[in-house]
Amino acid sequence: MQAAVFSATRIGLIQIPVTEEQFLTNPEQRFKNLWLPLVNIKDGQQTPNITGEIHVMTHWLPAEMKQVFSDGREKMQLSTRQMFNKQIWHKVSQKCIREPIYGTEALYFRNVYNPNTVRVNGEKVEAETFKNTFRRHVEELSHAVPYLECLERRQLNAWNLFKNELVEKGLENRGLGELRLHWQDTDNLEMLNKLQSLMLRGVPSALRPQVWAEVTLASRVSATDGAGQTRDYADEEELALAAEKEYQALLARGMELNSDAMHQLHEDTVLLLAWESTSPPLPEALKLHQKRIEKAKNVVTALLACEDGGVASSESLLVLAFFLLLPQGYKEASTVSAADGLTQPSEQSVFWLLYTLVCHRYNGMYREYYGLPVKRDSDPECLIAGCGAMQDVNLLECCVAYHERDLFFRMNALGFELSTIFYG
């Protein structure tokens, strides 16, 4: 006879105030939906774990709010779960699901409901109704906001520690992209692994514009090289102003273009308008959606106007610009102002980021997706500079064959190929 002995192992702890600053006892916010990072005690200091969170919902009921009947019985109060349902009820009652931070319609939900796909241990069970599916997705998105806040706080702490280390080494004035190249040349694997780990765990929303620009070397391109206009200014304000003027000049030049690429861009813009499908339409939501599409269109227009850029217009480039311009953060767009809690990327910053990724020799990682080919006499006609999309589909097919072998054989038996979906 074998016996197994199980013992509890502490993976972390949490500590939250109750009455301090009325954290849990605020009569104006009696319900709290919290995601909290697990921490450990090291050298007497609380250190957040790399992973691990706990979800807590609390409901504060002051004594003066209790109601007692004449027979001495207390009136039954709403439970924590009922308070949560009350908080999200206005979202459940809407005709469509909206992203809590972006304020956009959740496109993935249009075709997500299928009552025939419900299985438990291979046995068919009663299918989830559309109403319950709708409600479950609303709940998950409502939980996502405090969860993102939890992750942001932990990531911000990790990035601050990394920045302090750079300050101690006297490297605070150098961009992350330049430091990464320097560490590669000197085989400094320790710092490369630290930066890689931070990037994989995510960049806090407040740091994304700066970190993305530095890592991709877009900050160097906008400050020194530009899109064909080399700058010799020494002052940072003058460099930023010159980058803004060049973007505005490219945008004005692009507005005057009469090319197939611009006609395709106008058609793609109309297709993106269909993302807002609420019927009857919500004027405020539709106006905000149109404004965001117009900003993304401006970025792509400026890219098409680059004489030495060689950018091929495509709907996916417009979609990429659209999402890069969305507000970044962990606050619901309907409850905060534009300047409170959300980072608003500018058209100029997104333009230089995409220009560096597509056109410039410092990076050019997206050239095979959005760049025009360099025409040679012996080469056949082609639409893009490379075959990045085809390589991605081939890698996806290899992953399916390796990790989901039965599914791969089944799809091939049916004559289904992934290439017919992605670029067919």
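This section describes a pocket, the aromatic contacts, a nonpolar core and selected backbone features of a predicted model.

The second largest pocket encloses about 990 Å³ of space. Its lining comprises 39 residues, and those closest to the pocket centre are Gln210, Ala213, Glu214, Ser219 and Arg220. Two or more lining residues come from each of the helices α2 (130-168), α3 (176-185), α5 (208-215), α6 (218-225), α7 (236-255) and α11 (347-358). The largest contribution is that of α5, which supplies seven residues to the lining. Sorted by class, the lining of this pocket consists of 21 nonpolar, ten polar and eight charged residues.

Arg220, one of the residues closest to the centre of the second largest pocket, belongs to helix α6. The residue is partly exposed, because its relative accessible area of 25% falls between the limits of 20% for buried and 50% for exposed. The charged end of Arg220 is placed over the ring of Tyr362, at 4.9 Å from the ring centre. Arg220 also has a C-alpha separation of 9.1 Å from Gly177, a residue 43 positions away along the chain. A second charge over a ring involves Lys32, which lies over the face of Phe23 at 5.1 Å from the ring centre.

Aromatic pairs number 16 in the structure. In the pair formed by Tyr247 and Phe351, the ring centres are 5.3 Å apart and the planes meet at 50 degrees, so the pair is classed as tilted; the tilted class takes the plane angles left between stacked, under 30 degrees, and edge-to-face, over 60. This contact joins distant parts of the chain, since Tyr247 is in helix α7 and Phe351 is in helix α11, 104 residues apart. Both partners are buried: Tyr247 has a relative accessible area of 1%, and Phe351 has a value of 0%. A further tilted pair is made by Tyr369 and Tyr370, with 6.4 Å from centre to centre and 45 degrees between the planes. In this pair, Tyr369 is partly exposed at 30% relative accessible area, whereas Tyr370 is buried at 11%. The two residues are assigned to separate classes because the limit for buried is set at under 20%. Ring pairs also connect Tyr247, Phe351, Trp352 and Tyr355 into a cluster.

Two members of that cluster, Phe351 and Tyr355, recur in the largest nonpolar core. This core contains 38 residues, of which Val299, Leu303, Phe351, Leu354 and Tyr355 touch the most other members. Helices α6, α7, α8 (260-273), α9 (283-304), α10 (315-324) and α11 each provide at least two residues of the core. Helix α11 gives the most, with eight residues. Helices α6, α7 and α11 are among the contributors to this core and also among those to the lining of the second largest pocket.

Positive phi values were examined next. Most residues other than glycine have a negative phi. Asp187 has a positive phi, near 55 degrees, and is not a glycine. Asp187 is placed in the loop between α3 and α4 (189-201) and is exposed, with a relative accessible area of 60%. Leu217, likewise not a glycine, has a positive phi of about 70 degrees. The loop between α5 and α6 holds Leu217. In contrast to the exposed Asp187, Leu217 is buried, at 8% relative accessibility.

Contacts between residues separated in sequence were also considered. Gly310 lies in the loop between α9 and α10 and is partly exposed, with a relative accessible area of 22%. The C-alpha atoms of Gly310 and Gly371 are 5.6 Å apart in space, while 61 residues separate the two in sequence. Ala389 is part of helix α13 (residues 388-403) and counts as partly exposed at 36% relative accessibility. For Ala389 and Phe422, which are 33 residues apart along the chain, the C-alpha separation is 8.3 Å.

Technical notes. Residues are numbered from 1 along each chain as its sequence is written. This is a predicted model: local features need pLDDT of at least 70, side-chain atom pairs count only at pLDDT 80 or more; totals for chains, interfaces and linings use all residues. Side-chain values use heavy atoms; hydrogens and water are left out. On a 1 Å grid over the protein atoms alone, a cavity is a set of points where a 1.4 Å probe fits but cannot get out, and a pocket is an open set with protein on both sides within 12 Å along at least five of seven lines; lining residues have an atom within 4 Å of a point. Grid points are joined across faces, edges and corners, and a volume is the space filled by probe spheres set on the points. Helices (H or I, at least four residues) and strands (E, at least two) are DSSP runs, numbered from the N terminus. Ala, Val, Leu, Ile, Met, Phe, Trp, Tyr, Cys and Pro count as nonpolar, Asp, Glu, Lys and Arg as charged, and the others, Gly among them, as polar. Rings of Phe, Tyr and Trp (its six-membered ring) pair if their centres lie within 6.5 Å; planes under 30 degrees apart count as stacked, over 60 as edge-to-face and the rest as tilted. Buried means under 20% relative accessible area, exposed over 50%, partly exposed in between (1.4 Å probe, protein chains only). A charge sits over a ring if NZ of Lys or CZ of Arg is within 6 Å of the ring centre and within 35 degrees of the ring normal. A nonpolar core is a set of buried Ala, Val, Leu, Ile, Met, Phe, Trp, Tyr and Cys residues joined through side-chain atoms within 4.5 Å.
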